[in-house]
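This report describes one protein chain in short sections. Please examine the sequence and the structure before reading on.

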Amino acid sequence: MLFRSVGVSLQEQILNDLAKEISQEIDNEVMCELLEEDGWVKVRAQKHHDFNDIVEWVNKNKTGEVFGHKYVWAFTEEKDATWFALHWS
């Protein structure tokens, strides 16, 4: 009986974690679209790249403002977006 309740709790935790991740991705996508309407340049990275590598690269190479998470990013500077696309897309 104890095993089943732990299993259900683990299953609920996994579902909650997945729901949170999906929610964050949707929020990020919406925010990037809003920024794009305001003149920012939106770029998608390929999903086979490691997120931490992307963040490190962005922090070292950006010249303007940037917003992004996971694989969808928005840049104020077109040259930043171009370099990002060449490197990660």
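Are Val72 and Ala74 on one side of E3, and Trp73 and Phe75 on the other, buried or exposed? The model discussed here is predicted, and the sections below begin with this strand.

## The strand E3

Strand E3 comprises residues 72-75. Val72 and Ala74 on one side of E3 and Trp73 and Phe75 on the other are all buried, and both faces of the strand are thus covered. A general rule helps in reading this arrangement: in a regular strand the side chains alternate between the two faces of the sheet. For tryptophan 73 the relative accessible area is 5%; this value is under 20%, and therefore the residue counts as buried.

## The sheet

E3 belongs to an open sheet of 3 strands, arranged in the order E1-E3-E2 with antiparallel pairing. E1 and E2 each have a single partner strand and stand at the edges, so one side of each is without a neighbour in the sheet. From one strand to the next, the twist averages 15°.

Strand E1, residues 41-44, pairs with E3 in the antiparallel sense over 4 bridges. Within this part of the sheet, arginine 44 stands opposite valine 72 in E3. Strand E2, residues 66-69, also runs antiparallel to E3 and is joined to E3 by 4 bridges. Phenylalanine 67 has alanine 74 of E3 as its bridge partner, and glycine 68 stands opposite tryptophan 73 in E3.

## The hairpin between E2 and E3

The hairpin of E2 and E3 has 2 residues between the strands. Lysine 70 lies in the loop between E2 and E3. Although lysine 70 is not a glycine, its phi is positive, at about 60°. Its relative accessible area is 23%, and lysine 70 is therefore classed as partly exposed.

## Helices H2 and H3

Two helices lie across strands of the sheet. H2 lies across E2 and E3 and runs at about 5° to E3, while H3 lies across E1 and E3 and runs at about 10° to E1.

These helices also pack against each other. Two packed helices are described by the angle between their axes and the distance between the axes. For helix H2 (residues 51-61) and helix H3 (residues 78-88), the angle is about 145° and the axes are 11 Å apart. Their crossing is right-handed. On the H2 side, the residues in contact are Asp53, Ile54, Trp57, Val58 and Asn61; on the H3 side, they are Asp80, Trp83, Phe84, His87 and Trp88. Classified by type, the contact of H2 with H3 contains 6 nonpolar, 2 polar and 2 charged residues.

## Aromatic rings

How many aromatic pairs does a search of the whole structure find? The search finds 4. In one pair, the rings of tryptophan 73 and phenylalanine 84 have their centres 5.9 Å apart and their planes at 45°; the pair is therefore tilted, since stacked pairs have planes under 30 degrees apart and edge-to-face pairs have planes over 60. This pair links distant parts of the chain, with tryptophan 73 in strand E3 and phenylalanine 84 in helix H3, 11 residues apart.

Phenylalanine 84 has a relative accessibility of 0% and therefore counts as buried. Ring pairs also link Trp57, Trp73, Phe75, Phe84 and Trp88 into a cluster. Trp57 and Phe84 from this cluster are also among the residues where H2 and H3 meet.

## Helix H1

Helix H1 covers residues 2-37 and includes asparagine 28. With a relative accessible area of 6%, asparagine 28 is buried. Which residues does asparagine 28 touch, not counting those up to four places away in sequence? Asparagine 28 touches Phe67, Gly68, His69 and Val72. Among these, Val72 is one of the buried residues of E3.

Methionine 31 is also found in helix H1. Its relative accessibility is 35%, so methionine 31 counts as partly exposed. Methionine 31 and tryptophan 73 are 42 residues apart in sequence, and their C-alpha atoms are 9.6 Å apart in space.

How values were computed
Residues numbered from 1 in each chain as written. Predicted model: local features only at pLDDT ≥ 70, side-chain atom pairs only at ≥ 80, totals over all residues. Heavy atoms only, no water. Axes fitted to C-alpha atoms, helices over the stretch in contact; angles between N-to-C directions. Left-handed = near helix turned anticlockwise from the far one by under 90°. Contact = heavy atoms within 4.5 Å. Nonpolar A, V, L, I, M, F, W, Y, C, P; charged D, E, K, R; others polar. Phe/Tyr/Trp six-rings, centres within 6.5 Å; stacked < 30°, edge-to-face > 60°. Buried < 20%, exposed > 50% of the residue type's maximum accessible area, 1.4 Å probe, protein only. Pairing = 2+ DSSP bridges.
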